[in-house]
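User: I have not seen this one before. Can you walk me through it?

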Amino acid sequence: MFKSIGLTALLLLSGCASTGLVNPLPPVDSPETSSSVILENRFTDVSHFRNLTFTLDDRPIYNFGSTPSFSFHLNQGMYLFGYTYGSEDCKTEVEIRPKANYVFALGPDCLIEMESS
């Protein structure tokens, strides 16, 4: 019995610490008109218990783990970018225009800041 409890706890912890896509991104209608988005992780103390998770329209998309950045493409439109980090749950509206390149920083104190477009 104790072995199964220990194994379950280990699996739960490893699931929390996973890096990568949690849910699929919205499909891109046209690669020629979509925009490139790069998210830069500005947190320096990401751990198994405080993982940075990017959310798009309130849906978890990507767990950073110790990854410094994540890039993807989006269609033109209004989106709700956000992240969860420990007990922080941060959000901001972002307008994505066609054929653009965006870089956003995600950092402490609910920082979701466009650094370039």
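The chat below goes through confidence, fold, core and one residue.

Analyst: This is a predicted model, so local features need pLDDT (the predictor's confidence in each residue, from 0 to 100) of at least 70, side-chain atom pairs count only at pLDDT 80 or more, and totals for chains, interfaces and linings use all residues. Residues are numbered from 1 along each chain as its sequence is written, and side-chain values use heavy atoms, with hydrogens and water left out.

User: What is the average pLDDT of the protein chain?

Analyst: The average is 85, and 81% of the residues score at least 70.

User: Where does pLDDT stay under 50?

Analyst: Over residues 1–15, for which the model has one contact (heavy atoms within 4.5 Å) beyond four places in sequence. Where pLDDT is low, the predicted coordinates should not be read in detail.

User: OK, the fold. How many helices and strands in the protein chain?

Analyst: One helix and nine strands, taken as DSSP runs numbered from the N terminus (helices H or I, at least four residues; strands E, at least two). The helix comes before the strands in the sequence.

User: In what order do the strands of the open sheet come?

Analyst: Five strands form it, in the order β1-β4-β3-β6-β7, with antiparallel pairing; two strands pair if DSSP finds at least two bridges between them. β1 (20–21) and β7 stand at the edges with a single partner strand each, so one side of each has no neighbour in the sheet.

User: And how many bridges join β6 to β7?

Analyst: Nine. One residue pair to look at is M78 and its bridge partner in β7, E95.

User: Switching to the core. Which residues have the most contacts inside the largest one?

Analyst: L39, F54 and F81, in a nonpolar core of 24 residues. Such a core is a set of buried Ala, Val, Leu, Ile, Met, Phe, Trp, Tyr and Cys residues joined through side-chain atoms within 4.5 Å. Buried means under 20% relative accessible area, exposed over 50%, partly exposed in between (1.4 Å probe, protein chains only). The largest share of this core, four residues, comes from β6.

User: What does F54 touch?

Analyst: Not counting residues up to four places away in sequence, its contacts include L39, F72, F81 and L106.

User: Last one: is N63 buried or exposed?

Analyst: N63, in strand β4, counts as buried because its relative accessibility is 10%. Its side chain makes polar contacts with the side chains of N51 (3.4 Å) and T53 (2.5 Å). A polar contact is a pair of N or O atoms within 3.5 Å; within protein, one must be able to donate a hydrogen and the other to accept it, and residues adjacent in sequence count only if both atoms are side-chain atoms.
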